[in-house]
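These entries record what I looked up on pockets and on the bound ligand. I took the pockets before the ligand.

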Amino acid sequence: MKQEFAVIGLGRFGGSICQELSREGMQVLAIDNDEEKVNEFKNIASHAVIADSTDEAALKEIGIKNIDHVIVAIGENIQASILTAVILTDLDIKRITVKAQNDYHEKILNKIGIDEVVHPERDMGKRIAHHIFSNNIMDYIELSDDHSIVEVKAGRKMAGKTLVDLDIRANYGCNIVAIRQGEEINVSPRADEVLKDEDILIVIGADKDISRFEKHLVIDN
Ligand code: ATP
């Protein structure tokens, strides 16, 4: 059976999740306590309802228990977000994702047992900061508190060299997992692959190692 989703809070973040899921053909129940927001999503989501998610009875009434994955995207009102998360946990919803507004909010959500806490503003801030840091850093994805994946342009310092020449694993402790050349992705790059200026390397490693790699081979490149 098709998975059913619910998005609580139809601000920019929740609204965008709701739109994408619907575009992919998923069943989405859009929930907000603001009538105007709900009206905006009437033609986008499968169903759109006005409800205050801090009201357990209201959530039960709209059938939240039948939903496989609930995304809580209430931002500013941290209290409402936490209370909603507690209610959803009590109702044994299979999968709950909650957007955290700040570190304190995230800590509480982790404490009450929410497995998936997302922090889009902070994560996007980090990704953009790395790109600002160097135009050759195309993307930066945090895997854990101390491991990340970066996409970097080979650039001047690496162009013309092979992976053996650079020996990134021995020198920096990170691994090149793939090389993107235009539209093509090479997921098992050969050791004698000669890099071109425009090649994009996808590198995984500990933050401290990635940082050394970036400083030596990517920045001012
Ligand atoms: P974004 O940056 O994604 O726009 P935001 O941080 O501005 O989010 P808010 O505007 O605080 O987030 O909340 C997002 C939505 O959540 C709003 O449309 C708001 O009406 C809705 N919302 C807030 N509290 C509740 C609640 N208790 N029940 C249902 N919806 C709620």
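**Entry 1: the largest pocket**

I began with volume, and the largest pocket holds about 570 Å³ of space. I note that the model is predicted.

I then listed the lining. The largest pocket has 26 lining residues, and those nearest its centre are Gly 11, Ala 73, Ile 74, Gly 75 and Glu 76. Next I asked which elements give two or more residues to this lining. They are helix H1 (12–23), strand S2 (27–32) and helix H6 (120–133). Of the contributions to the lining of the largest pocket, that of H1 is the most, at three residues.

I also sorted the lining of the largest pocket by class. I found nine nonpolar residues, nine polar residues and eight charged residues.

**Entry 2: the second largest pocket**

I repeated the look-up for the second largest pocket, whose volume is about 350 Å³. Its lining consists of 16 residues. Nearest the centre of this second pocket I noted His 119, Arg 122, Asp 123, Glu 142 and Ser 144. The elements with two or more residues in this lining are strand S6 (116–118), H6 and strand S7 (137–142).

Which element supplies the largest share of the lining of the second largest pocket? I recorded H6, with six residues. H6 is thus entered under both pockets, as it also gives two or more residues to the lining of the largest pocket.

By class, I counted seven nonpolar, two polar and seven charged residues in the lining of the second largest pocket. I then checked the domains: domain 1 (4–131) and domain 2 (136–218) each provide at least three residues to the lining of this second pocket.

**Entry 3: the ligand**

I turned to the ligand and found 20 residues around it. Those that come nearest are Arg 12, Phe 13, Asp 32, Asp 52 and Glu 76. I had already entered Glu 76 among the residues nearest the centre of the largest pocket.

What distances separate the ligand from polar backbone atoms? For Arg 12, a polar backbone atom is 2.7 Å from an oxygen atom of the ligand. For Phe 13, a backbone N or O atom lies 2.7 Å from a ligand oxygen atom. For Asn 33, I recorded 3.2 Å between a backbone N or O atom and a nitrogen atom of the ligand.

Last, I looked up how far the ligand is covered. On its own the ligand has 640 Å² of accessible area, and the protein covers 85% of that area.

Key:
Residues numbered from 1 in each chain as written. Predicted model: local features only at pLDDT ≥ 70, side-chain atom pairs only at ≥ 80, totals over all residues. Heavy atoms only, no water. 1 Å grid on protein atoms, 1.4 Å probe; cavity = no way out; pocket = protein on both sides within 12 Å on 5 of 7 lines; lining within 4 Å. Points joined across faces, edges and corners; volume = space filled by probe spheres on them. Helix = DSSP H or I, 4+ residues; strand = E, 2+ residues; numbered from the N terminus. Nonpolar A, V, L, I, M, F, W, Y, C, P; charged D, E, K, R; others polar. Domains from an automatic or database assignment. Near = heavy atom within 4 Å. Polar contact = N/O pair within 3.5 Å; in protein donor to acceptor, adjacent residues only side chain to side chain. Areas by Shrake-Rupley, 256 points an atom, 1.4 Å probe, with all protein chains shown as cover.
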